[in-house]
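Let us take a walk through a protein model together. Have the sequence and the 3D view ready, and look for each part as we come to it.

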Amino acid sequence: MEFNHKSIMVEEILTALALNPDGIYLDCTLGGGGHSLAIGKKLSAQARLIGIDQDEDAVKAATENLSGLACNVKIFRDNFFELDKILDSLAVEKIDGVIFDLGVSSYQIDTPERGFSYMKNSPLDMRMDRRRRLTARDVINFYDEERLIKIFRDFGEEKFSKRIAAAVCRERKISPINTTGELVKIIENSAPRIKNGGHPAKRIFQAIRIEVNGELEILADAIKKAVNRLKIGGRIAVITFHSLEDRIIKETFKTLAQGCICPKNFPVCICNHKAEIKILGKAKVPAPNEIARNRRAKSAKLRVAEKIFNSKEDYHEDKT
């Protein structure tokens with residue numbers, strides 16, 4: 001299947017980054033290269049564009065799609081948590097901008113054998129990086145009931161987590177649960193549909209996908225690493241697709257944008273803590289016409305911040 005994914009809020013990303021034509025830009029969720037292609041077209045031959053994606057198919061597609069750009073392009077198959085290692089390997093100290101487009105690509109959802117969609121019957125997989133050992137089948141068949149409840153509740157925000165987890169454990173005693181279709185039937189038979197709540201399998205599949213790929217556990221630290229690599233005046237732009245991701249981004253930005261951290265009862269500041277970023281406005285959402293063209297854009301939010309100060313360690317390094 002051809003890698004097909006339509007990047008959303010492209011113009012908003014270009015505006016958010018306030019591009020320097022000769023700058024260095026990092027795309028931490030490269031996908032097929034949609035955002036990077038739009039960025040790269042604005043860059044000169046002196047600029048650098050660095051892309052990271054853990055999906056082999058995405059790396060192949062992006063390599064082809066970005067091949068005609070004038071700027072210097074480097075693509076890495078890795079997790080964005082390794083961005084420090086990747087930038088160090090290129091001898092890049094600071095960058096002008098970084099983007100994260102979180103979630104699953106349309107290609108991954110629409111490719112049945114990847115097992116991301118509850119609307120297609122396929123093997124339970126859900127790995128973004130197929131080099132990983134843990135699959136959705138492992139989670140469903142080998143996690144104990146309490147752990148399943150926690151995953152369904154915390155990562156899927158599912159009200160009927162206990163009921164669904166109990167049903168899964170009953171069914172797998174009879175025979176292993178191997179396909180998405182089998183899992184969907186179990187969910188449908190154990191959780192009622194809530195008006196305007198969507199199919200219950202959507203929330204459960206989200207929860208399992210997050211667990212398989214460790215999506216949330218590394219997110220806050222990855223954002224902090226990316227901000228640390230920004231030049232003063234550099235921008236970070238993050239697109240999220242569900243409340244769990246957005247909450248982490250919002251809170252991480254808030255922490256990085258905080259100045260004095262002395263107790264409120266202190267009459268004067270003694271911590272000398274400085275805000276590292278300035279949050280640029282409220283979260284933006286796609287325009288109605290974009291949502292009309294691409295229904296998967298409906299839940300997206302874009303948050304943007306600008307680097308205004310380096311941490312003390314980096315500050316001293318920059319001054320020497």
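Is Arg-229 buried or exposed? Arg-229 is buried, with a relative accessible area of 7%. Keep in mind as we go that this is a predicted model.

Arg-229 is a good place to start, as its side chain meets that of Asp-88 in a salt bridge, at 2.5 Å from N to O. Arg-229 belongs to helix α11 (residues 219-229) and Asp-88 to helix α4 (residues 83-89), so this pair ties together parts that are 141 residues apart in sequence. Asp-88, for its part, is partly exposed, with a relative accessible area of 49%. The general idea behind such pairs is simple: side chains of opposite charge can pair when their charged atoms come close.

The count of salt bridges here comes to 23. Another one joins Glu-306 and Arg-235, at 2.9 Å from N to O. Here too distant parts of the chain are linked: Glu-306 sits in strand β7 (residues 301-307) and Arg-235 in strand β5 (residues 230-240), 71 residues apart. Glu-306 is buried at 18% relative accessible area, and Arg-235 is buried at 17%. Salt bridges can also form a network, as they do among Glu-56, Lys-60, Arg-77, Asp-129 and Arg-131.

Now let us turn to the nonpolar interior. The largest nonpolar core has 30 residues, and those that touch the most other members are Ile-140, Leu-148, Phe-152, Val-168, Leu-183 and Ile-208. Helices α6 (136-142), α7 (145-156), α8 (161-174), α9 (180-190) and α10 (200-213) each give two or more residues to this core. Of these, α10 gives the most, with six residues. Find Phe-152 in your view: leaving aside residues up to four places away in sequence, its contacts include Ile-140, Ile-164, Ile-204 and Ile-208. There is also a second, separate core of 29 residues, with Ile-86, Leu-90, Leu-102 and Ile-236 among them.

Helix α9 deserves a closer look. Its buried residues are Thr-180, Leu-183, Val-184, Ile-186, Ile-187 and Ser-190. Seen down the axis of α9, these residues fall within an arc of 160°, so they line one face of the helix. Lys-185 and Asn-189, on the other side of α9, are exposed. The cover over the buried residues includes α6, α8 and α10. Take Ser-190 as an example: at 8% relative accessibility, Ser-190 counts as buried. Beyond residues up to four places away in sequence, Ser-190 touches Arg-163, Ile-164 and Ala-167.

Next, a word about the backbone. Most residues other than glycine have a negative phi. Met-126, although not a glycine, has a positive phi of about 70°. Met-126 lies in the loop between α5 (106-110) and α6, and is buried with a relative accessible area of 0%. Ala-18 also has a positive phi, of about 45°, without being a glycine. Ala-18 lies in the loop between α1 (10-17) and β1 (24-27), and at 45% relative accessibility Ala-18 counts as partly exposed.

Let us end at the surface. Phe-266, Val-268 and Ile-270 make a nonpolar surface patch of about 300 Å². Ile-270 lies in the loop between α12 (243-256) and β6 (277-279), and is exposed, with a relative accessible area of 57%.

How values were computed:
Residues numbered from 1 in each chain as written. Predicted model: local features only at pLDDT ≥ 70, side-chain atom pairs only at ≥ 80, totals over all residues. Heavy atoms only, no water. Patch = residues over 30% accessible without salt bridge, like charges linked within 9 Å, V, L, I, M, F, W, Y side chains within 5 Å. Areas by Shrake-Rupley, 256 points an atom, 1.4 Å probe, with all protein chains shown as cover. Salt bridge = Lys/Arg side-chain N within 4 Å of Asp/Glu carboxyl O. Helix = DSSP H or I, 4+ residues; strand = E, 2+ residues; numbered from the N terminus. Buried < 20%, exposed > 50% of the residue type's maximum accessible area, 1.4 Å probe, protein only. Core = buried A, V, L, I, M, F, W, Y, C linked by side-chain atoms within 4.5 Å. Contact = heavy atoms within 4.5 Å. Arc of directions from axis to C-beta.
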